[in-house]
Amino acid sequence: MLKVGILGAGTMGKTHAVSYNSLPEVEIRGIVDRDEGAGQDLAGQYKAHSYKSIEELLEKEEVDIIDICLPTPFHKENVFKAAQASKDILCEKPIARNLKDAQEMVKRCAEKKVKFMIAQVLRFFPEYIAAKEIISSGKIGKPAVVRTSRGASFPLGADDWYGDKDLSGGVILDMIIHDFDFLRWCFGEVKRVYTKSLLNKGLERIDYALVTLRFSSGVIAHVEGSWAYPQGTPFRQRLEVAGTKGLLEVDLGKSSPYTMYLKQEEGAKAGVVIPEVPLSEDPYTREIKHFVECVKSDTLPSILPEDGVRAVEIALAALESVKTGRAVEVEKGEVKS
Amino acid sequence: MKVAIISFAHMHANSYARCLGKIEGVELVSIADEDVKRGEKKAREFRTKYYQDYQEMLKKESPEAVIITSANAKHKDIALSCANSGKHILCEKPIATTLEDAKAMLSACLENEVIYQQAFPLRYSPPVNIIKKQVEQGTIGKVLAIKGTNHGVMPDPQEHPFFTDKSLSGGGAVMDHTVHVVDLMRWITGSEVREVYAEVDQLLHDNIDIDDCGILSLEFENEVFATLDPSWSRPKSFPTWGDLKLDFIGDKGVIFMDAFAQNISLYSDLDGRVFWNFWGDDLDLLMVRDFIDTVANKANPKVTGFDGLKALEVALAAYKSAEKGESVKIKNQR
């Protein structure tokens with residue numbers, strides 16, 4: 001039996017808890033949240049204990065895995081503490097707010113010889129896996145122009161941390177990092193980034209970014225990220241790859257097996273919206289199952305720590321481009337922060 | 001009203017000829033085309049006279065108005081001849097291949113007091129007009145950003161060779177498709193583009209030697225930013241010719257527009273592939289009809305040569321940006 005401690009009882013903590021609970025060989029032992037009520041609620045559902053800090057969890061429970069579902073600024077210190085205690089670590093994306101932290105985290109985990117996987121969950125969405133396989137099959141020829149979209153209403157997290165763009169990095173670092181990682185997985189390294197966004201426009205609770213990526217392979221990708229939709233707008237997730245022999249399109253809106261509309265209750269508040277994918281085993285569970293299997297069999301997770309760092313590097317290049325109004329060369333190491 | 005068409009190099013000439021046939025009181029008086037075979041065939045098809053030399057046609061047939069659908073680079077000489085002989089002009093986009101040519105065309109029309117209308121049929125699209133009204137009424141608040149696409153299948157190099165011949169077209173996909181979207185963005189926001197960044201390349205087709213894809217990033221004078229994708233990235237098996245989509249991001253809401261969404265999906269074993277058959281308004285007919293009315297009433301054209309020039313300016317800036325690897329500024333009159 002593998003024992004897991006989850007840090008954070010927010011949207012992702014809850015989602016991951018459901019997944020761990022569905023695996024017979026895993027036991028959720030502890031939930032850490034500084035909001036005791038939230039921690040107890042979630043812990044209660046899985047006959048686990050709730051703790052106020054990772055220290056308390058590590059002291060009271062013998063866990064094998066620490067799963068970090070906390071806001072980005074808390075990733076580094078908790079990765080360090082978990083690594084120090086020799087726990088294998090699954091950490092939500094993005095790995096960190098800056099490259100220095102990200103690299104230190106990777107280094108520390110390597111030194112402590114613990115597994116460290118960033119939850120770039122798009123790699124476990126069957127439609128994205130299928131798209132990658134089609135691209136590799138040559139059915140659409142050589143890939144050329146790629147378009148992705150990812151959009152929801154503005155997320156409401158603890159202390160409204162998403163609203164503080166210095167902490168969250170806005171839609172570019174928190175949201176379309178999924179697409180950056182997926183595109184890099186399919187098309188290799190990014191050479192150049194140009195971006196326009198609402199980041200520096202002094203607007204509250206709205207973010208929107210249009211990113212152009214040029215890959216070393218020549219592929220041009222357009223990545224749209226939106227936290228600009230009104231509450232209640234369905235999650236938008238789209239991928240289009242045009243190649244020399246064809247085109248493929250993945251569109252969440254066109255592949256939803258059912259739609260449900262409910263009367264809005266007054267004062268109803270949305271938290272963080274994540275795409276719902278009705279499958280016998282949802283992508284989050286596939287992701288967690290993979291990590292659990294790697295821990296059990298002592299093998300390397302398919303997402304390397306370096307992948308998490310590279311995705312952040314692309315996002316930081318995009319942020320830099322927004323700031324300077326210029327194209328940013330990733331390969332030349334222009335991305336420093 | 002006597003109307004002539006000069007050149008069938010651009011396939012839109014076929015549609016415009018059909019439209020003229022549907023408008024009462026209008027006669028397609030002749031077709032001029034330097035390509036004898038094509039010109040004679042089209043003259044037969046549309047039951048009108050054929051001239052190889054458009055100058056001769058202008059003199060002998062004296063049409064009141066002319067539709068120019070030649071290769072882009074030839075717009076200027078033809079437009080100048082038309083203007084100097086007092087003919088009103090509806091000219092295919094892009095207006096020309098250089099700003100100098102475009103300016104020469106506009107001055108000639110101004111001097112000779114002839115109407116010059118730029119053929120931007122999307123201006124007549126009912127969905128586009130509804131969206132424009134919604135944006136102007138502030139329904140989605142202040143517009144902050146726009147995302148546009150005008151994808152297409154590459155024009156067949158055998159059938160319509162000028163599109164992929166840079167000396168005649170001035171550029172490939174970016175030249176061909178940028179102008180439509182930029183025109184709509186300018187028209188709907190009422191603001192001019194002041195900065196352009198673009199990635200432009202030839203990645204999709206190897207039987208040509210011209211750009212076939214790109215992504216443009218634009219910044220407008222009113223701080224709105226936008227991207228647009230003019231790529232010839234639809235494969236031959238795509239259910240339709242392409243698309244024109246615009247997303248408007250406002251501070252009070254968003255609009256997702258697909259100007260050609262009014263389709264029937266057709267699955268026929270006779271075709272062996274899926275087709276989307278458009279049932280929305282015939283935009284070319286609305287446009288040509290409006291041009292005829294404008295000429296009849298000596299009115300101001302709905303879409304001007306200046307509009308054509310400003311759209312071309314952005315396409316040219318995109319090429320320049322791609323060449324330099326940095327953004328290019330555009331100076332606008334205040």
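**Figure 1. B:Cys109, a buried cysteine in a predicted model.** Let's start with the side chain of B:Cys109: its relative accessibility is just 4%, so B:Cys109 counts as buried. Is B:Cys109 in a disulfide, or in none? B:Cys109 is in none, and the nearest cysteine sulfur, that of B:Cys82, sits 8.5 Å away.

**Figure 2. B:Cys82, looking back at B:Cys109.** Here's the pair again, now centred on B:Cys82. Which cysteine sulfur is closest to that of B:Cys82? The sulfur of B:Cys109 is, but with 8.5 Å between them the two are too far apart for a bond. A disulfide needs the sulfur atoms within 2.5 Å. B:Cys82 has 0% relative accessibility, so this residue counts as buried. Zoom out to the whole structure and the search over all chains still turns up zero disulfides.

**Figure 3. Chain B, with 10 helices and 15 strands.** How compact is chain B for its 334 residues? Its radius of gyration is 20 Å, close to the 20 Å that the globule rule gives, so chain B is as compact as a globular protein of that length. Along the principal axes, its C-alpha atoms take up a box of roughly 55 × 55 × 40 Å. Of the 334 residues, 61% count as buried. If you look at contacts in chain B with a separation of 6 or more, 70% of them join residues 24 or more positions apart.

**Figure 4. The surface and charges of chain B.** About 13,900 Å² of chain B is exposed, and carbon and sulfur atoms supply 48% of that. There are 39 positive and 50 negative charges here, and their mean positions lie 3 Å apart.

**Figure 5. Chain A, with 11 helices and 13 strands.** The radius of gyration of chain A is 20 Å, close to the 20 Å from the globule rule for 337 residues, so this chain is as compact as a globular protein of that length. Its C-alpha trace spans about 55 × 50 × 40 Å along the principal axes. What share of the 337 residues counts as buried? The figure for chain A is 57%. Among contacts in chain A with a separation of 6 or more, residues 24 or more positions apart account for 70%.

**Figure 6. The surface and charges of chain A.** The accessible surface of chain A adds up to about 14,400 Å², with 49% belonging to carbon and sulfur atoms. Chain A carries 46 positive and 50 negative charges, and 6 Å separates their mean positions.

Notes:
Residues numbered from 1 in each chain as written. Chains lettered and ligands numbered in written order. Predicted model: local features only at pLDDT ≥ 70, side-chain atom pairs only at ≥ 80, totals over all residues. Heavy atoms only, no water. Helix = DSSP H or I, 4+ residues; strand = E, 2+ residues; numbered from the N terminus. Rg over C-alpha atoms; globule rule 2.2 N^0.38 Å. Buried < 20%, exposed > 50% of the residue type's maximum accessible area, 1.4 Å probe, protein only. Contact = heavy atoms within 4.5 Å. Areas by Shrake-Rupley, 256 points an atom, 1.4 Å probe, with all protein chains shown as cover. Lys, Arg positive; Asp, Glu negative; His and termini not counted. Charge placed at Lys NZ, Arg CZ, Asp CG, Glu CD.
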